[in-house]
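Reader: I'm new to this one and don't quite know where to look. Please take me through the backbone oddities, then settle on one helix and what packs around it.

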Amino acid sequence: MKLFRFLFSKLFVYQLLIALLVVFIIVFAALSWLDSTTNHDQRIEVPDLSKLSLEVVEEELKAYGLRYVVVDSSNYNPDYPIYSVIEQNPKPGKNVKENRKIYLTLNPSGYAKIEIPEIEGRTKRQVIPTLKSIGFEIGEITYKPNLAKDAVIGLRHKGKAVKAGERLPKTSVIDLVLGDGSRNYNSEE
């Protein structure tokens with residue numbers, strides 16, 4: 001009974017109203033502070049930065065009040081200028097707040113160099129898909145007298161012999177030198 005009488009006393013009701021008023025003021029102040037510091041409802045449309053150099057990107061983003069971070073260099077794309085933007089995140093046209101970072105992926109200066117695998121002695125049927133799958137192009141195929149028909153006995157790039165372990169740019173044209181199967185065990189070299 002004392003508890004029930006206390007809950008409806010003037011002192012308790014007065015303290016409860018003061019506590020609610022203090023909580024309301026604190027919540028209102030916190031929301032007002034968050035609204036002003038987080039730039040609520042402010043939107044900047046992200047510009048299209050593709051094919052632009054970093055110098056131009058910096059000027060463009062500075063005008064919008066945005067920043068950038070270079071995340072990576074992608075695989076070389078010949079359709080884009082060297083060291084230009086290939087991808088960006090957020091995408092062009094998206095809305096962001098002021099001082100937001102735009103993450104950029106750049107076009108490197110050329111194709112990545114790929115190591116030539118050990119393929120001498122393998123057949124043409126094995127070698128062509130292997131070289132194509134790692135990014136090389138197959139050029140001219142020539143035959144030389146050899147015991148094994150269609151076996152790779154040499155590789156050439158731009159007229160020079162290349163060996164396994166050497167590195168060439170992706171999409172390089174590799175010429176194959178194959179055996180013609182004309183030699184046999186009894187023939188002299």
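**From an odd loop to a helix and its cover**

Author: Let's start with Pro90, which sits in the loop between strand 3 (85–89) and strand 4 (95–96). Keep in mind that this is a predicted model. The bond between Asn89 and Pro90 is a cis peptide bond, with omega at about 0 degrees.

Back up a little along the chain and you meet Tyr83, in the loop between strand 2 (67–73) and strand 3. Tyr83 isn't a glycine, yet its phi is positive, at about 60 degrees. Thr171 is another residue other than glycine with a positive phi, this one near 75 degrees. You'll find Thr171 in the loop between strand 10 and strand 11, and it counts as partly exposed because its relative accessibility is 29%.

Now for the helix: helix 4, residues 124–133. Its buried residues are Val127, Ile128 and Leu131. They span an arc of only 100 degrees around the axis, so they end up on the same side of helix 4. Turn to the face pointing away from that buried side and you get the exposed residues Arg125 and Ser133. Just past the end of helix 4 comes Gly135, with a positive phi of about 115 degrees.

So what sits over the buried residues? The cover of helix 4 includes strand 7 (137–144), strand 8 (149–157) and strand 11 (173–180). That leads straight to the largest nonpolar core, which has 14 residues. Among those with the most contacts inside this core are Val127, Leu131, Phe136, Leu155 and Ile174. Helix 4, strand 8 and strand 11 are the elements that each give two or more residues to the core. There's also a second, separate core of 11 residues, including Val46, Leu49, Val85 and Leu104. As a general rule, nonpolar side chains in soluble globular proteins tend to be buried together.

Ile174 is a good place to zoom in. Skipping its neighbours within four places in sequence, Ile174 touches several residues, including Leu131, Phe136, Leu155 and Leu168.

Strand 8 also holds His157, and this histidine is buried, with a relative accessible area of 13%. His157 and Asp175 are 18 residues apart along the chain, but their C-alpha atoms are separated by 6.1 Å. Leaving out neighbours within four places in sequence, His157 is in contact with Val162, Leu168, Ser172 and Val173.

While you're looking at the strands, take in the salt bridge too: searching the whole structure turns up 1. Its partners are Arg167 and Glu115, whose closest N and O atoms are 3.9 Å apart. Arg167 lies in strand 10 (residues 167–169) and Glu115 in strand 6 (residues 113–115), so the pair ties together parts that are 52 residues apart in sequence. Arg167 is partly exposed, at 48% relative accessibility, and Glu115 is partly exposed as well, with a relative accessible area of 44%.

One last stop, for contrast with the buried side of the helix. Leu3, Phe4, Phe6, Leu7, Phe8 and Leu11 make up a nonpolar patch on the surface, with about 670 Å² of accessible area together. Helix 1 (residues 2–7) supplies the largest share, 4 residues. Phe8 belongs to the loop between helix 1 and helix 2 (10–37), and it counts as exposed because its relative accessibility is 62%.

Technical notes: Residues numbered from 1 in each chain as written. Predicted model: local features only at pLDDT ≥ 70, side-chain atom pairs only at ≥ 80, totals over all residues. Heavy atoms only, no water. Buried < 20%, exposed > 50% of the residue type's maximum accessible area, 1.4 Å probe, protein only. Arc of directions from axis to C-beta. Contact = heavy atoms within 4.5 Å. Patch = residues over 30% accessible without salt bridge, like charges linked within 9 Å, V, L, I, M, F, W, Y side chains within 5 Å. Areas by Shrake-Rupley, 256 points an atom, 1.4 Å probe, with all protein chains shown as cover. Salt bridge = Lys/Arg side-chain N within 4 Å of Asp/Glu carboxyl O. Core = buried A, V, L, I, M, F, W, Y, C linked by side-chain atoms within 4.5 Å.
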